[in-house]
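Let's take a walk through this one, going from helix packing to the core and then out to a loop. Have the viewer open as you read.

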Amino acid sequence: MAWSASQYVKFEDERTRPARDLLAQVPLERVSKAIDLGCGPGNSTQLIVDRYGKDGVSGLDSDLNMLEAARKRLPDTTFTEADLATWQPNEPADLLFANAVFQWLPNHLDIFDRLMDGLTRGGVLAVQMPDNLGEPTHLLMEESAHAGPWKTAFEKKSVRRNPLSQPSAYYSRLIGKSERLDIWHTIYNHPMADAAAIVEWVKATGLMPYLATADQEHREAFLADYLGRVEKAYPKMADGRVLLGFPRIFMVAVKG
């Protein structure tokens, strides 16, 4: 699945806000080694650099387009191509920061457990993941997937992302290696210009596997079908805009 940095940053302010809120809860005054996992175009890495300085801060991602954008944004910061399914720091880090990446990896509970071993004592694993599969944006993707001439492709395979675990599962898995563990949910309500803006938002993330499966032949028809459903699900507010509800789960684990 090829990512588009330019599509992703169309809503950079809204996408960066959860990363800012996550970093605000990291209880580290200074870091010698901080790594932004799944750094994307570098917007979250920028926050870490702004707080701690550029020394010792790096980022990694599996997508070359995202890495290219990150390097242009922060030319003095090291960005590395890596697969988070198997990656482990070569030496203990003070901060492993992950903004909206691990929802794509079904075995992320196992990965979190492993990453805790890659922290210094008192080091922090800070994670934020979208928890929005029950929102209209994602339920309507499934409706569109089975509503048109492209539906045979979706009958052969499901592209729906796996749901996240309950907070209790994350707590049980991480508390044994943590001296402190905070887990919370936040629901953001983003004012969007219209339903088309919501579609533009999800085109950079959750809608990508659906469009890839529908194939280029049906891409525009799929988008039109989906847009029609989104317009009905998100009524206009008093000022003409629509509100995009977006639940996210946050975790900050301090290694014991």
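How are α6 and α10 oriented to each other? Keep in mind that this is a predicted model, and start with the geometry. The axes of helix α6, residues 136-145, and α10 come within 9 Å and cross at roughly 125 degrees. An angle of that kind falls in neither the 65 to 115 range for roughly perpendicular nor the over 145 range for roughly antiparallel, so α6 and α10 are oblique to each other. As for handedness, α6 makes a right-handed crossing with α10.

Now zoom in on the side of α6 that meets α10. Pro136, Thr137, Leu140, Met141, Glu142, Glu143, Ser144 and Ala145 are the α6 residues involved, and across from them in α10 sit Tyr210, Phe222, Asp225, Tyr226, Arg229, Val230 and Ala233. Sorted by class, this contact holds 9 nonpolar, 2 polar and 4 charged residues.

Tyr226 is a handy residue to follow inwards. Setting aside neighbours within four places in sequence, Tyr226 is in contact with Thr137, Leu140, Met141 and Ser144, and also with Val199, Val202 and Leu207. Tyr226 also turns up in the largest nonpolar core, a set of 46 residues, where Leu95, Leu207, Phe222 and Tyr226 have the most contacts inside it. Helix α10, spanning residues 208-233, gives the most to this core, with 7 residues. Apart from this core lies another, of 28 residues, and Leu96, Phe102, Met116 and Met129 are among them.

Next, hop over to another helix pair. Helix α5 (residues 108-116) packs with helix α8 (residues 167-174) at an angle of about 30 degrees, their axes 10 Å apart. That angle is why α5 counts as roughly parallel to α8. Here, too, the handedness can be read off: α5 passes α8 in a right-handed crossing. On the α5 side you'll find His108, Leu109, Asp110, Phe112, Asp113 and Met116, which meet Ala169, Tyr170, Arg173 and Leu174 in α8. The tally by class for this contact is 6 nonpolar, 1 polar and 3 charged residues.

Finally, the loop. Ser165 lies between α7 (151-156) and α8, in the loop that links them. Is Ser165 buried or exposed? With 27% relative accessibility, Ser165 counts as partly exposed. Not counting residues up to four places away in sequence, Ser165 touches Leu109 and Tyr170, and both of those names also appear in the contact of α5 with α8. Ser165 and Pro106 are 59 residues apart in sequence, and their C-alpha atoms are 9.8 Å apart in space.

How values were computed: Residues are numbered from 1 along each chain as its sequence is written. This is a predicted model: local features need pLDDT of at least 70, side-chain atom pairs count only at pLDDT 80 or more; totals for chains, interfaces and linings use all residues. Side-chain values use heavy atoms; hydrogens and water are left out. A nonpolar core is a set of buried Ala, Val, Leu, Ile, Met, Phe, Trp, Tyr and Cys residues joined through side-chain atoms within 4.5 Å. Buried means under 20% relative accessible area, exposed over 50%, partly exposed in between (1.4 Å probe, protein chains only). Helices (H or I, at least four residues) and strands (E, at least two) are DSSP runs, numbered from the N terminus. Contact means heavy atoms within 4.5 Å. Axes are lines fitted to C-alpha atoms, for helices over the stretch in contact, and angles run from 0 to 180 degrees between N-to-C directions. Angles under 35 degrees count as roughly parallel, over 145 as roughly antiparallel, 65 to 115 as roughly perpendicular and the rest as oblique. A crossing is left-handed if the near helix is turned anticlockwise from the far one by less than a right angle, and right-handed if clockwise. Ala, Val, Leu, Ile, Met, Phe, Trp, Tyr, Cys and Pro count as nonpolar, Asp, Glu, Lys and Arg as charged, and the others, Gly among them, as polar.
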